[in-house]
Amino acid sequence: MFKTFNRLAFGLIMIFPSGIALAHHPMGGNTPSTMWQGLLSGLGHPIIGFDHLAFIIAVGLAASFLARRYLLPLAFIFTTVIGCLLSYNGVALPSAEVVVAGSVVVLGSFIVLGKTFSGITYGSIFTVAGLFHGWAYGQAIIGAESTPLLAYLLSFSLTQYFLAVSTIWLVRNVYKATKPSALHPRIIGALATGVGIAVFLENIENLILF
């Protein structure tokens with residue numbers, strides 16, 4: 001089991017650079033114009049945006065040890081929808097990409113600590129972070145008609161929840177971890193933190209240069 005876990009972690013590290021290079025554009029940078037394009041874009045965005053993927057997995061890890069583990073990820077997902085609609089309607093959030101990366105670092109660090117934090121603490125992090133992650137999602141749908149927009153919102157919401165719930169299931173049933181100090185979830189948390197730091201530094205560099 002530990003060898004399998006190490007291979008998974010190594011694989012994530014190897015695909016990280018390509019995740020950054022894809023630059024969060026499931027449709028190659030084109031705005032979805034049909035329902036199916038909206039669905040596909042919503043499906044791909046949380047996965048090829050490696051900072052988003054890392055945070056969603058971290059959400060699942062954090063929620064795994066809480067009583068309302070299957071409800072807490074909904075706080076993040078709900079506010080990603082709100083953030084996406086803000087972006088779609090031209091409302092700016094300051095330094096959104098930097099905050100997105102920073103949220104991955106913070107949540108990943110919490111997991112690495114291996115301590116028990118309350119559902120309120122995690123719920124607050126999920127809620128605030130969701131606005132900024134959702135705002136970043138919205139950049140891919142600006143200018144779309146209502147049908148692809150709704151398909152996009154539905155698709156990325158379901159994709160995020162599936163990823164979070166799958167992580168919870170793996171932690172509880174495959175790795176059988178029952179407390180935050182378990183080794184395997186903490187390693188994934190460290191990996192998520194590393195992803196967040198890399199993306200954070202990349203965005204800081206972009207702000208300085210431009």
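Colleague: How do you know that the span of helix α5 agrees with 1.5 Å a residue?

Modeller: In this predicted model, helix α5 covers residues 96–113, which is 18 residues. The expected span is 1.5 Å times one less than that number of residues, so α5 should span 26 Å, and its end C-alpha atoms are indeed 26 Å apart.

Colleague: And what makes α4 agree with the expected span?

Modeller: The reasoning runs along the same path. α4 has 17 residues and should span 24 Å; its end C-alpha atoms lie 25 Å apart, so the two values agree.

Colleague: Which residue follows α5, and what is the sign of its phi?

Modeller: That is G114, with a positive phi near 70°. Just after α4 there is G90, whose phi is also positive, at about 80°.

Colleague: What is the phi of S95, and where does S95 sit?

Modeller: S95 has a positive phi, near 50°, although this residue is not a glycine. Its place is the loop between α4 and α5.

Colleague: Why is S95 called partly exposed?

Modeller: Its relative accessibility is 44%. Buried would need a value under 20% and exposed one over 50%, so S95 falls in between and counts as partly exposed.

Colleague: Then what makes L170 partly exposed?

Modeller: L170, in helix α7, has a relative accessibility of 37%. That value also lies between the cut-offs of 20% and 50%, so L170 counts as partly exposed. Beyond its neighbours within four places in sequence, L170 is in contact with Y175 and K176. Its C-alpha atom is separated by 9.3 Å from that of S64, 106 residues away along the chain.

Colleague: Why is α2 called roughly perpendicular to α3?

Modeller: The axes of α2 (residues 35–48) and α3 come within 5 Å and cross at roughly 80°. Angles from 65 to 115 degrees count as roughly perpendicular, so α2 earns that description relative to α3. On the α2 side the contact is made by H45, P46, I47 and I48, and on the α3 side by F50, H52, L53 and I56. By class, six of these residues are nonpolar, two are polar and none is charged.

Colleague: Which residues have the most contacts inside the largest nonpolar core?

Modeller: They are F55, F76, L107, F126 and Y152, in a core of 35 residues. Helices α3, α4, α5, α6 and α7 each supply at least two of the core residues, and α3 gives the largest share, with 10.

Colleague: What is L107 in contact with, leaving aside its neighbours within four places in sequence?

Modeller: L107 touches F55, A58, V59, A62, Y122 and F126. There is also a second, separate core of five residues, which includes L93, A96, V100 and W135.

Colleague: Which residues of α4 are buried, and what covers them?

Modeller: The buried ones are L72, P73, F76, I77, T79, T80, G83, C84 and S87. Their cover includes α3, α6 and α7. In α5, the buried residues include A96, V98, V100, A101 and L107.

Colleague: How many helices and strands does the chain have?

Modeller: The chain has eight helices and zero strands. Of its 210 residues, 47% count as buried. Among contacts with a separation of 6 or more, 84% come from residues 24 or more positions apart.

Methods
Residues numbered from 1 in each chain as written. Predicted model: local features only at pLDDT ≥ 70, side-chain atom pairs only at ≥ 80, totals over all residues. Heavy atoms only, no water. Helix = DSSP H or I, 4+ residues; strand = E, 2+ residues; numbered from the N terminus. Buried < 20%, exposed > 50% of the residue type's maximum accessible area, 1.4 Å probe, protein only. Core = buried A, V, L, I, M, F, W, Y, C linked by side-chain atoms within 4.5 Å. Contact = heavy atoms within 4.5 Å. Axes fitted to C-alpha atoms, helices over the stretch in contact; angles between N-to-C directions. Parallel < 35°, antiparallel > 145°, perpendicular 65-115°, else oblique. Nonpolar A, V, L, I, M, F, W, Y, C, P; charged D, E, K, R; others polar.
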